[in-house]
Amino acid sequence: MPQPSLCAAVFLFSFIVIFVACDLCPDGVTYCPTHNTCCPLDTVQHGCCPFANAVCCPEHRSCCPQGQMCDDTGFDCVAGRFKFPATALLRASQVADLNLTRPQH
């Protein structure tokens, strides 16, 4: 049977690996993959924008890459005189879904 300190070290390592591969959203309950941006949805939850440092549109359903702006409708991103379709947010994952349990001592 492994020593308790070894179990704690393995748990800590697995916890660090999981959270290095994803970014915790400001609510502390949801997370997005690394290099995504957490954007608030129209509920208390967050969605994931697939761009790093993205701009979250005010209608809470889409986002634009860094350096672009959401138009008034939130359906398009504006970069200078050009418009591009905004990207739909994906629902963020729940931290509770990771099923992390602390080792018993």
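I count two residues as in contact when heavy atoms lie within 4.5 Å. The model I am reading is a predicted one.

**Entry 1. Threonine 37**

I started with threonine 37. I found threonine 37 in strand β3, residues 37-40. Leaving out residues up to four places away in sequence, I listed what threonine 37 touches: Cys32, Gly47, Cys48, Cys49, Phe51, Ala52, Asn53, Ala54 and Cys56.

Is threonine 37 buried or exposed? Threonine 37 is buried, because its relative accessible area is 12% and the cut-off for buried is under 20%.

Next I checked what the side chain of threonine 37 reaches. One target is the backbone oxygen of phenylalanine 51, at 2.6 Å. Another is the backbone nitrogen of asparagine 53, at 3.1 Å. Both Phe51 and Asn53 are also in the contact list of threonine 37.

**Entry 2. The nonpolar core**

I then looked up the largest nonpolar core. Which residues make up this core? It has 6 residues: Cys39, Leu41, Cys49, Ala54, Cys63 and Leu89.

I followed cysteine 39 further. Setting aside its neighbours within four places in sequence, I found cysteine 39 in contact with His46, Gly47, Cys49, Cys56, Cys63 and Leu89. Cys49, Cys63 and Leu89 are core members too. Threonine 37 touches Cys49 and Ala54 of this core.

**Entry 3. Sheet β7-β8-β9**

I turned to an open sheet of 3 strands, in the order β7-β8-β9 with antiparallel pairing. The edge strands are β7 (69-70) and β9 (82-85), and each pairs on one side only.

How many bridges join β7 to β8? There are 2, and the strands run antiparallel. Cysteine 70 has cysteine 77 in β8 as its bridge partner.

On the other side, β8 (residues 76-79) pairs with β9 over 4 bridges, again antiparallel. Here cysteine 77 has phenylalanine 84 in β9 as its bridge partner. I noted that cysteine 77 thus appears in a bridge to cysteine 70 and in one to phenylalanine 84.

I checked the turns as well. β7 and β8 form a hairpin with 5 residues between them. Glycine 74 sits in that turn, with a positive phi of about 80°. The hairpin of β8 and β9 has 2 residues between the strands. There glycine 80 takes a positive phi near 65°.

**Entry 4. Glutamine 68**

Where does glutamine 68 lie? I placed glutamine 68 in the loop between β6 (62-64) and β7. Glutamine 68 is buried, because its relative accessible area is 17% and buried means under 20%. Not counting residues up to four places away in sequence, glutamine 68 touches Val55, Cys77, Val78, Ala79 and Phe84. Cys77 and Phe84 in that list are the β8-β9 bridge partners from the previous entry.

**Entry 5. Sheet β1-β2-β12**

Last, I looked at an open sheet of 3 strands in the order β1-β2-β12, with antiparallel pairing. β1 (22-24) and β12 (93-94) stand at the edges with a single partner strand each, so one side of each has no neighbour in the sheet. I found 3 bridges joining β1 to β2 (residues 30-33), and these strands run antiparallel. Leucine 24 stands opposite tyrosine 31 in β2.

Conventions
Residues numbered from 1 in each chain as written. Predicted model: local features only at pLDDT ≥ 70, side-chain atom pairs only at ≥ 80, totals over all residues. Heavy atoms only, no water. Core = buried A, V, L, I, M, F, W, Y, C linked by side-chain atoms within 4.5 Å. Buried < 20%, exposed > 50% of the residue type's maximum accessible area, 1.4 Å probe, protein only. Pairing = 2+ DSSP bridges. Polar contact = N/O pair within 3.5 Å; in protein donor to acceptor, adjacent residues only side chain to side chain.
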